[in-house]
Amino acid sequence: MPDTIAVISSSLADAIQVSTSLPTEALASMQTLGAASTRCLWKRPAYSLLRCSSYSTSSKAGTAKSKTAAKHDLNVPRDKWNYNTSPFVQTSETVPPDLKVVTANALENGTEPPRGVQMLMRDFIEDSLYNPNYGYFPKQAIIFNTDDSTVNFDSLRDSAEFQEEVAQKYAAYGADKHDGPGKQLWHTPTELFKPWFGRAIAQCLVAEYLLKYFPYEDFIIYEIGAGNGTLAMDILNFLQEAYPEVYERTKYNIIEISGSLVKLQKQRLSKVHPNVRVTHKSIFHWKTREPAPCFFVAMEVIDNFAHDVVRYDLKTLEPYQGVVTVDSQGDFDTIYTPVSDPLITEFLALRRRLRHPLPVSRFLQSSKALRKLYLSMPFAPNLSKEEYIPTRLVSLLRTLRNHFPRHRLLLSDFSSLPDTVSGINAPVVQTRFRNVTVPCSTLLVKQGYFDIFFPTNFEHLRDMYECMISHHRPSSDSDSRSTPLMTTSTSISLGQGYFSSHRSNDRRSPLDGVTSSSGLPVGERKSSVFTHSEFMETYADLSKTRLLNGENPMLDFYKNVKFLF
């Protein structure tokens, strides 16, 4: 019979309670595969060794009582990790008056996770991930970095040997201690396939720049979530080597929320590439307007953008927003109130405009009588399944529209994820403990100890992006700038179809006063969605990452990643 492995650390007991049964040999073999215990999920995801969840006597998932309290409470079951949440959710018109309403911004100066408070789900996630004093990224996360060494792909036999190579690099970080959370180590394709991944990104950007703006405009790039600065380094090295005349006109701007990463990025990049400027600021607090054409890059960033949770009343189809409560003991709960938050309201209105489907059966939506019949059935839930909506992503799109009116967006992230918590568009919640990745079954976990990342529906994102960008903010007088591509006639007077009655559906409406190199007002090409392999086959030098047996990990891995460009 397999040995029972119960991994419970005293310093982590308030954060997770874990139970699983595995052969000792299986655990030992998995611990040697450092590459399998990573945040990035390849086409063959790592096995879920441990499942973590919290017991709740109601429908609202929350943390269990502490071990000490539970030990003396006869009403609390001993087994706290095998209970399903109830579908019968109590809704409320108001939130508890005894709990202070807070936001992630209001908690930035706190040194400990708050108690006796309530907040929207997105504020709970944002505080858990980004709080400067106890958040996951400022205090726990370590980005896998191979320093100046690169993988010699042409010397590796096959993908198995490639993964062994990656595992050896992981082993260099050392084993986790046994008295607390392990090293929160994760990697990106930028680090695994450097410099070739970064060069593919550079080739995509420079091709667009040469086609549309060179030599009349500078090559301006903005990057958010730059991590160790590896992507910026690879892009600039490539431009300096292959396109020196473009490099001379390049201005590379990094917008970084993490103070420690700001120092690292400046240290790595400033001396080598003086055309780099690093700004310590959240993109959601960005106020500077960039009137010039620019490229906006976000590689594996939006998966960590905070989401809100909504559920629909199956009787009235009214949406309810999720509010996380934290009591005086630090226990979590979720209540649902009618939607009042402006950002949630904006997302729901945008979804209606785009006619994206609701997370409710079409049959139930079509007939009030069917809903009444359904609700009369035994054990029928009164609310729809939890749906996680990308409200912070809406904030990013609004920032791009208002402050970067002539940008071109290049974005890449996960389009699907395994081992998510329950719900629609639900996230993966996980940590590393004793060199093993521990996925959890609830989002309500101790702040700062867990990575929380979401999949993105790229087709819906494309629709949202194009819809929001099409509503241009009028330019101010301070934005006026003269270039050889400017015209004294406005786009309104000339018209997009000056020589043609046909209007292309794959282009946006032109900006007033902005023309193409032909002197005519031509709208930007609309964004398209590409799989990871489609993008790499278009822009990457695949001969550099091909293995001896013909496999190419830069194509074969990351099947659950897409690009928007």
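# Notebook: a walk through a predicted model

**Entry 1. A buried charge.** I began with aspartate 313, which is buried yet has no salt bridge. Lysine 315 is the nearest side chain of opposite charge, 7.4 Å away. I noted that the model is a predicted one. I then looked up where aspartate 313 sits: the loop between β12 (308–312) and β13 (319–326). Next I asked what lies by a polar atom of the aspartate 313 side chain. I found the backbone nitrogen of lysine 315, 2.8 Å from that atom.

**Entry 2. Salt bridges.** Side chains of opposite charge can pair when their charged atoms come close. I searched the whole structure and got 15 salt bridges. I looked at three pairs and one network.

Glutamate 386 bridges to arginine 311, with the closest N and O atoms 3.9 Å apart. This pair links distant parts of the chain, 75 residues apart. Glutamate 386 is in the loop between α13 (368–375) and β15 (387–389), while arginine 311 is in strand β12. Both residues are buried. Arginine 311 has a ring partner too: its charged end sits over the ring of tyrosine 336, 5.3 Å from the centre.

Arginine 398 bridges to glutamate 346, and here the closest N and O atoms are 2.4 Å apart. Arginine 398 belongs to helix α14 and glutamate 346 to helix α11, so I logged another link between distant parts, 52 residues apart. I checked exposure as well. Arginine 398 counts as partly exposed because its relative accessibility is 29%. Glutamate 346 is also partly exposed, at 26%. I then noted that salt bridges with shared partners join Arg122, Asp308 and Asp341 into one network.

**Entry 3. Around α6 and α7.** Lysine 194 forms a salt bridge with glutamate 191, their closest N and O atoms being 3.9 Å apart. Are these two buried or exposed? I found both lysine 194 and glutamate 191 buried. Lysine 194 is also joined to proline 195 by a cis peptide bond, with omega about 0°. Proline 195 is in the loop between α6 and α7.

I found another cis bond from phenylalanine 214 to proline 215, with omega near 5°. Proline 215 lies in the loop between α7 and β8 (219–224). Tyrosine 213 has its place in the loop between α7 and β8. Tyrosine 213 is buried, with a relative accessible area of 8%. I took one distance from tyrosine 213: cysteine 294 is 81 residues away in sequence and 9.8 Å away in space, C-alpha to C-alpha.

**Entry 4. Aromatic rings.** My search of the whole structure gave 21 aromatic pairs. Phenylalanine 193 and tyrosine 558 form an edge-to-face pair, 6.2 Å centre to centre with 75° between the planes. Which parts does this pair tie together? Phenylalanine 193 lies in the loop between α6 (189–192) and α7 (196–212), and tyrosine 558 in the loop between α18 (553–556) and β21 (561–564), so the parts tied together are 365 residues apart in sequence. Both rings belong to buried residues.

Tryptophan 286 and phenylalanine 404 are stacked, at 6.1 Å centre to centre and 25° between the planes. Tryptophan 286 is in the loop between β10 (276–280) and β11 (294–299), and phenylalanine 404 in the loop between α14 (391–403) and β16 (407–414), so this pair ties together parts 118 residues apart in sequence. Tryptophan 286 and phenylalanine 404 are both buried.

I also logged one aromatic cluster, made of Phe153, Phe162, Phe193, Phe557 and Tyr558. Arginine 392 lies over the face of phenylalanine 284, at 4.5 Å from the ring centre.

**Entry 5. Two helices.** I turned to helix α3 (residues 121–130). In α3, 9 of the 10 residues are buried, so the helix is largely enclosed by the rest of the structure. Charged names are on the buried list, including Arg122, Asp123, Glu126 and Asp127.

Helix α10 (residues 259–269) has Leu261, Val262, Gln265 and Leu269 as its buried residues. Why do they share a side of α10? They cover an arc of only 105° around the axis, which puts them on the same side. The face turned away from that buried side carries exposed Lys263 and Gln267.

**Entry 6. Positive phi.** Glutamate 300 is not a glycine, yet its phi is positive, about 50°. Glutamate 300 lies in the loop between β11 and β12. Its relative accessibility is 10%, so it counts as buried. Arginine 355 has a positive phi near 60°. Arginine 355 is in the loop between α11 (342–354) and α12 (362–366). At 77% relative accessibility, arginine 355 counts as exposed.

Key: Residues numbered from 1 in each chain as written. Predicted model: local features only at pLDDT ≥ 70, side-chain atom pairs only at ≥ 80, totals over all residues. Heavy atoms only, no water. Buried < 20%, exposed > 50% of the residue type's maximum accessible area, 1.4 Å probe, protein only. Helix = DSSP H or I, 4+ residues; strand = E, 2+ residues; numbered from the N terminus. Arc of directions from axis to C-beta. Phe/Tyr/Trp six-rings, centres within 6.5 Å; stacked < 30°, edge-to-face > 60°. Lys NZ or Arg CZ within 6 Å of the ring centre and 35° of its normal. Lys, Arg positive; Asp, Glu negative; His and termini not counted. Salt bridge = Lys/Arg side-chain N within 4 Å of Asp/Glu carboxyl O. Polar contact = N/O pair within 3.5 Å; in protein donor to acceptor, adjacent residues only side chain to side chain.
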